[in-house]
Amino acid sequence: MPNIVIAGAQWGDEGKGKIVDLLAARVQVVARYNGGHNAGHTVILGDRKFVLHLVPSGILHPGVLCVMGNGMVIDPWALEQELGELVAAGIEVDDNLVISDRAHLILPHHRVLEQLSEEARGARKIGTTNRGIGPAYEDKTGRRGVRMGDLLRPAALPGKLEETRRHFERVCRGAGHAPDADWEALARDLAAFGERLGPRIQDTALVLHRTIARGYSILFEGAQATLLDLDHGTYPFVTSSSAGAGGVATGLGIPPTRIDGILGIAKAYTTRVGAGPLPSEIGGSLEQEIRRRGAEFGASTGRPRRCGWFDAVVTRYSVRVNGFDAVALTKLDVLDLLAEVQICVGYRHDGRVIEEVPADLAVAEACEPVYESLPGWTTPTAGIREWSALPGAARRYVLRLSELIGCEVGMVSTSPDREDTILRRDSVVASWFA
Ligand code: IMP
């Protein structure tokens, strides 16, 4: 298989875990390029459910090398817990997992900084996952971060912690908060992590370069999604990393010329967790019904997700900024029983209809959705694996979405199960499988 990127097209939780897991059977390497344990990738295998936060979804395939890239931020406590759970579930975690020596660490004081920052924002808070993601990336760009490779040099750790400690104490003083932290104990804990994780911590850009030279193929796994991307998302209601396909190059040290294809993952409707604009938000009992049918509760935090109709403006924008070759449409079955389905095709603002995602938050928040209505299919599609077996109205819905976003829908997922996936034979995705 060629080297393919999997990236979210909306606000996350599109079902990337399932699609990565499906494609992982075809590659030798799965490499994650951004985010931390704010992500929750759910993979269902038969009657077993795995929720992966940090480890690439390829870990469920024996023989696949999993790479956690330099673009990630890693809480070593969360990592060890996840590895322990995988091992307890009988999953092999051996030399099939390597971690970039350049990935930054999330440390306990990052969560304190995040709480202070969210409190200070009051009503304008981001609604983060409270995992320390933002402050860890702030330390990275502020050039005071501690990296995975530092765990391997315990004698240098107290010095490496110095800048982040000073920053933490400055912020705490400003907020009138006691800067409680035991930095000596932290340095000791980190050194112990270094001993346990040591052999996994490597120059993963070099590892990837060598695997490509050997002719292996790589799946690049993104976490979160384009509308949560620090640059291209609904700023400031975004995460702090490059979640779009552009993040592959910086987050893994992969030259863009080595990327052969990009698959966007979009849900048949839209969801969002946390605050920020969601123009096609449904509201009322129908939203509750879709949330229930789609089990739309955060895989990491358990928070109820806000649900909206498919937003073609947002997804078309994603197609453009990521350069998707195709889209995999997930959770079509959640809409099965609706008599009518809506698609957001534009936004009404200030007496005009706009068809692009506005950069200005105030405009995005004031937008009213413009809908196109299509008849529902009111027939179960759950478990369907052939395009021709879908009800005509469901096929028309998918084809209309494809037309509106300007990108083919090459795969359709009809249940959380790995096997319940339609691969459209005439699509570019099928050529990747060939
Ligand atoms: P953070 O990534 O914890 O800083 O949170 C920033 C925003 O991104 C919040 O709105 C979160 O709810 C959202 N977010 C972060 N990770 C995910 C995810 O994996 N799925 C969906 N939303 C996410």
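# Two domains, a mixed sheet and two cores

User: Where are the domain bounds in this chain?

Analyst: The protein chain is divided into domain 1, covering 1–100 + 203–434, and domain 2, covering 104–197, and I should say at once that this is a predicted model.

User: How far apart are the C-alpha centres of the two domains?

Analyst: The C-alpha centres of domain 1 and domain 2 lie 29 Å apart, while 31 residues of domain 1 are in contact with 25 residues of domain 2.

User: And what area is buried between them?

Analyst: About 2200 Å² is buried between domain 1 and domain 2, with carbon and sulfur atoms giving 60% of that area. On the domain 1 side, Val73, Trp77 and Glu80 supply 26% of the area buried against domain 2, which is more than any other three residues.

User: Switching to the sheet, what is the strand order?

Analyst: The order is β9-β7-β5-β2-β10-β1-β11-β15-β19-β20, an open sheet of 10 strands with mixed pairing, and the edge strands, each pairing on one side only, are β9 (201–202) and β20 (421–423).

User: Do β1 and β10 run parallel or antiparallel?

Analyst: Strand β1 (residues 4–8) and strand β10 (residues 218–221) run parallel and are joined by three bridges; within β10, Glu221 is the bridge partner of Ile6.

User: Which helix lies across β1?

Analyst: Helix α1 (residues 16–24) lies across β1 at about 165 degrees to that strand, and α1 also lies across β2, β10, β11, β15, β19 and β20.

User: OK, packing next: which residues touch the most other members of the largest nonpolar core?

Analyst: Those are Phe220, Leu332 and Tyr397, in a core of 57 residues, and helix α12 (residues 392–405) gives the most to this core, with seven residues.

User: What is Phe220 in contact with, leaving aside neighbours within four places in sequence?

Analyst: Phe220 is in contact with Asn3, Ile4, Val5, Ile6, Ala31, Tyr33, Val248, Leu252, Ile254 and Ile259. There is also a second, separate core of 39 residues, which includes Ile59, Leu105, Leu161 and Leu197.

User: Last one, is α10 mostly covered or mostly exposed?

Analyst: Helix α10 (residues 312–322) is mostly covered, since eight of its 11 residues are buried, among them Val313, Tyr317 and Asn322.

User: What do those buried residues pack against?

Analyst: The buried residues of α10 pack against strands β1, β11, β14 (310–311) and β16 (340–349), and also against helix α12, the helix that gives the most to the largest nonpolar core.

Note on methods:
Residues numbered from 1 in each chain as written. Predicted model: local features only at pLDDT ≥ 70, side-chain atom pairs only at ≥ 80, totals over all residues. Heavy atoms only, no water. Core = buried A, V, L, I, M, F, W, Y, C linked by side-chain atoms within 4.5 Å. Buried < 20%, exposed > 50% of the residue type's maximum accessible area, 1.4 Å probe, protein only. Helix = DSSP H or I, 4+ residues; strand = E, 2+ residues; numbered from the N terminus. Contact = heavy atoms within 4.5 Å. Pairing = 2+ DSSP bridges. Axes fitted to C-alpha atoms, helices over the stretch in contact; angles between N-to-C directions. Domains from an automatic or database assignment. Buried area = accessible area lost by both parts, 1.4 Å probe.
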